[in-house]
Amino acid sequence: MPSEPTAQQQKDLKVLAKFTEVWCAGQQHTGQQPVIVYQGLQPLKLCPDCTAFLQYAVKKRLCCPFEAEKPTCRRCRIHCYAPQQRALVKQIMAWSGKRMILRGRLDYLWHYFF
């Protein structure tokens, strides 16, 4: 794992963190508290389950073996996530992506479809 994340890694982590925060609030998870999941991210209000998932996702993103030619995870030829977390990230991205677009965050359209 590199000591300093690349610009692309930082961008991906910010998107994933925001989507997870929207998911956690929208699903009305209980026990949300401000947490810092990664040093480069703003504090997020997440429940313990979403915090654990996001920590897992950050770890996997920072250890990606295809950094130079990284496709989106959906189009990757290997899958780093365990099946349960892979299903969860699909749910999070689909549900939160729609909410973010409806809130006027059109910049997420690109990430949502590609």
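A search of the whole structure finds two salt bridges, and I will start there. A reminder before the details: this is a predicted model.

The first bridge is between Arg 61 and Asp 12, with the closest N and O atoms 2.8 Å apart. Arg 61 sits in helix α2 and Asp 12 in helix α1, so the bridge ties together parts of the chain that are 49 residues apart in sequence. Are these two residues buried or exposed? Both Arg 61 and Asp 12 are buried.

The second bridge joins Lys 18 to Glu 21, and here the closest N and O atoms are 3.6 Å apart. This one is local: both residues lie in helix α1, three residues apart, which is about one turn of the helix. Lys 18 is partly exposed, because its relative accessible area is 29% and the partly exposed class runs between 20% and 50%. As general background, side chains of opposite charge can pair when their charged atoms come close.

Now the overall layout. The chain has four helices and two strands. Read from the N terminus, the order of elements is α-β-β-α-α-α. The chain has 114 residues, and buried residues make up 33% of them. Of the contacts with a separation of 6 or more, 57% are between residues 24 or more positions apart.

On to the core. The largest nonpolar core has 25 residues, and the members that touch the most other members are Leu 16, Leu 46, Leu 54 and Val 58. Which elements supply at least two residues each? They are α1, residues 7-26; β2, residues 44-46; α2, residues 48-62; and α3, residues 83-102. Helix α1 gives the most, with eight residues.

Leu 46 is worth a look on the screen. Setting aside residues up to four places away in sequence, Leu 46 touches a list that includes Thr 20, Glu 21 and Cys 24, then Gly 31, Gln 32 and Gln 33. Val 35, Val 37, Thr 51 and Leu 54 are also among the residues that Leu 46 touches. Glu 21 has already come up as the partner of Lys 18 in a salt bridge.

Next, the aromatic residues. How many aromatic pairs does the structure hold? There are two aromatic pairs. In one of them, the ring centres of Trp 23 and Trp 95 are 5.9 Å apart and the planes are at 85°, so the pair is edge-to-face. The pair links distant parts of the chain, with Trp 23 in helix α1 and Trp 95 in helix α3, 72 residues apart. Trp 23 is buried, at a relative accessible area of 10%.

The other pair is Tyr 56 with Tyr 81, also edge-to-face, at 5.5 Å centre to centre and 75° between the planes. Tyr 56 is in helix α2 and Tyr 81 is in the loop between α2 and α3, 25 residues apart. Tyr 56 counts as partly exposed at 21% relative accessibility, while Tyr 81 is buried, with a relative accessible area of 16%. The line between those two classes is drawn at 20%.

Back to Trp 95, which has further neighbours. Trp 95 counts as partly exposed, at 21% relative accessibility. Beyond its neighbours within four places in sequence, Trp 95 is in contact with Val 22, Trp 23, Gly 26 and Gln 27. The C-alpha atoms of Trp 95 and Phe 19 are 8.6 Å apart in space, although the two residues are 76 apart in sequence. There is also a charge to consider: Arg 99 lies over the face of Trp 95, at 4.0 Å from the ring centre.

One backbone point. Gln 28 is found in the loop between α1 and β1, the strand at 33-35. Its phi is near 55°, a positive value in a residue other than glycine. In general, most residues other than glycine have a negative phi. Gln 28 is exposed, with a relative accessible area of 67%.

Finally, confidence. The chain averages a pLDDT of 81, and 84% of the residues score at least 70. Where is confidence lowest, and where is it highest? The lowest is helix α4, residues 108-113, at a mean of 56, and the highest is α2, at 92. Where pLDDT is low, the predicted coordinates should not be read in detail.

Conventions:
Residues are numbered from 1 along each chain as its sequence is written. This is a predicted model: local features need pLDDT of at least 70, side-chain atom pairs count only at pLDDT 80 or more; totals for chains, interfaces and linings use all residues. Side-chain values use heavy atoms; hydrogens and water are left out. A nonpolar core is a set of buried Ala, Val, Leu, Ile, Met, Phe, Trp, Tyr and Cys residues joined through side-chain atoms within 4.5 Å. Buried means under 20% relative accessible area, exposed over 50%, partly exposed in between (1.4 Å probe, protein chains only). Contact means heavy atoms within 4.5 Å. pLDDT is the predictor's confidence in each residue, from 0 to 100. Rings of Phe, Tyr and Trp (its six-membered ring) pair if their centres lie within 6.5 Å; planes under 30 degrees apart count as stacked, over 60 as edge-to-face and the rest as tilted. A charge sits over a ring if NZ of Lys or CZ of Arg is within 6 Å of the ring centre and within 35 degrees of the ring normal. A salt bridge is a side-chain nitrogen of Lys or Arg within 4 Å of a carboxyl oxygen of Asp or Glu.
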